[in-house]
Amino acid sequence: MSPPNAGRLEFANTLRGFAAISVLLSHFAGIFWVMNPLICDLLGVPKLATLPERSDFLSFVGDYCIVLGQFGVGIFFIISGMVIPFSMQNSSKRDFLYRRGLRIYPVYIAGFSFAMLMLYALSMYKGNGFNFSLLGILAHFGIVTRAPAGVSRIDGISWTLEVEIYFYLVLCVLGAKAMRFDFPRHIIAMLVVASLARWAFKFEGYAVGVQIASGLLLLLGMAYYSLLNNRVTAAQFRSLQLLVCILIPILWLWIAQRAEYTYQWMSGYMVAIAVFHICYLLRTRFTSNRLLGHFADISYPLYVVHALFGYAIMYVLVEMGAEPVAAIAGASLASYLAALGIHLGVERPFLRWSKRTRQGATFAEARLGSPTPIKT
């Protein structure tokens, strides 16, 4: 199987930048306002007495912020499922995990540490004490070590990284078989994930069910990989795509009575599937876009740092009397600069180190890196 050329995957890189912006808007223009008491609890600060009135446009974004956020998350998951198998080609399992570790952990540790320093500064500003334990902070550094340590999630977004890491581990267990998935194997994998998600929704709770169910989007991305490498026909791919589009509503509607944003969550994923496929069909028309390409380059550090960091800034600005647009703009600019600093100071050096460990990296690896999803 030969790696794809730049023209075949430029559309995915463009979508990656667009997804990063959509999630940022979801958080800062929507979630901070419609879920403010929960955000204050997340930050460990007293609840804001009042919130300034938002414009009609910002109110509209707030009403559908989950759709906007899950659209971005869905795009990231599909890209990951399509690209990561390419990075496994001509690579040992140990080398694959080593390079994935270099890609994920240094940036996450730096970004999470930066965000926690911001929360410490916020606690000093409010004079209400720093309510996060050292064990809780350290447990987050391992990402998948948080749950075994019995630590509640601090950052609110690392569940997507947990999904990514478990996806990598499953691919390593499957080995070369993962890159040779044919039509029947794709169907079996999708039905297995849907069954596990249904069980998790019923017995383990909404959060675990969401994590497992997101595997359907990763598997859809793998179906694109199989299509690009002629492991499935176009007709078979359409059947797989239809199966995912049927399973997602079934899973989310199964728990519609227990989750306030069930329909928005489901709709965001469905829109992501539609938009990604349209862009895939038009992939030969995509050329490099400097702005979206730049946001694609910094999307992972932006994912790691923006939520807690940006929410803290918005909290202070709103308390000082800033209007919503000013608070959103201030948090967005500060998050961008923080992400850019982490990208230049941490991500790039480790990417160079990772590439030196493997000669002849594929275009997908070099151009897209790790299409890590961003999440509320």
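**Helices, loops and a pocket in a predicted model**

Asn-230 is exposed, with a relative accessible area of 69%. The structure shown above is a predicted model, and Asn-230 is a convenient place to enter it. This residue belongs to the loop that runs between α10 and α11 (234–254). Its backbone deserves attention as well: phi of Asn-230 is near 60°, a positive value in a residue other than glycine. Most residues other than glycine have a negative phi.

Ile-143 offers a second example of this backbone feature. Its phi is positive, at about 65°, although Ile-143 is not a glycine. Ile-143 also sits in a loop, here the one between α6 (134–141) and α7. Is Ile-143 buried or exposed? The cut-off for a buried residue is a relative accessible area under 20%, and Ile-143, at 1% relative accessibility, therefore counts as buried. Asn-230, by contrast, is exposed.

From the loop that holds Asn-230, the chain can be followed into α11. How does the length of this helix agree with what is expected of it? At 1.5 Å a residue, the 21 residues of α11 should span 30 Å, and the C-alpha atoms at its ends are indeed 30 Å apart. Several residues of α11 are buried, among them Phe-237, Leu-240, Gln-241, Pro-249 and Trp-252. The buried residues of α11 pack against α8, α9, α10 and α12 (262–281).

Helix α3, which covers residues 56–63, shows how the two sides of a helix can be told apart. Leu-58, Val-61 and Gly-62 are its buried residues. Viewed down the axis of α3, these buried residues fall within an arc of 100°, so they line one face of the helix. The face turned away from this buried side carries Asp-56 and Phe-57, which are exposed.

Towards the start of the chain, Ser-22 lies in helix α1 (residues 6–34). With a relative accessible area of 5%, Ser-22 is buried. Which residues does it touch, once its neighbours within four places in sequence are left aside? Ser-22 is in contact with Leu-68, Phe-71 and Gly-72.

Met-35 lies in the loop between α1 and α2 (36–43). This residue is buried too, with a relative accessible area of 17%. Leaving aside its neighbours within four places in sequence, Met-35 is in contact with Ile-66 and Tyr-261. The C-alpha atom of Met-35 is separated by 29 Å from that of Tyr-166, a residue 131 places away along the chain.

Tyr-166 leads to the last feature, a pocket. Rolling a probe the size of a water molecule over the atoms shows where empty space is left. In the second largest pocket, this space comes to about 550 Å³. The elements that give two or more residues to its lining are α7 (159–174), α8 (183–203), α9 (206–213) and α10 (215–228). Which helix provides the largest share of the lining? That helix is α7, with seven residues. The lining consists of 22 residues in total, and those nearest the centre of the pocket are Tyr-166, Phe-167, Val-170, Val-193 and Gly-215. By chemical character, the lining residues divide into 18 nonpolar, two polar and two charged. Three of the helices named here also appeared earlier in the account: α8, α9 and α10 are among the elements against which the buried residues of α11 pack.

Technical notes:
Residues numbered from 1 in each chain as written. Predicted model: local features only at pLDDT ≥ 70, side-chain atom pairs only at ≥ 80, totals over all residues. Heavy atoms only, no water. 1 Å grid on protein atoms, 1.4 Å probe; cavity = no way out; pocket = protein on both sides within 12 Å on 5 of 7 lines; lining within 4 Å. Points joined across faces, edges and corners; volume = space filled by probe spheres on them. Helix = DSSP H or I, 4+ residues; strand = E, 2+ residues; numbered from the N terminus. Nonpolar A, V, L, I, M, F, W, Y, C, P; charged D, E, K, R; others polar. Buried < 20%, exposed > 50% of the residue type's maximum accessible area, 1.4 Å probe, protein only. Arc of directions from axis to C-beta. Expected span 1.5 Å × (residues − 1). Contact = heavy atoms within 4.5 Å.
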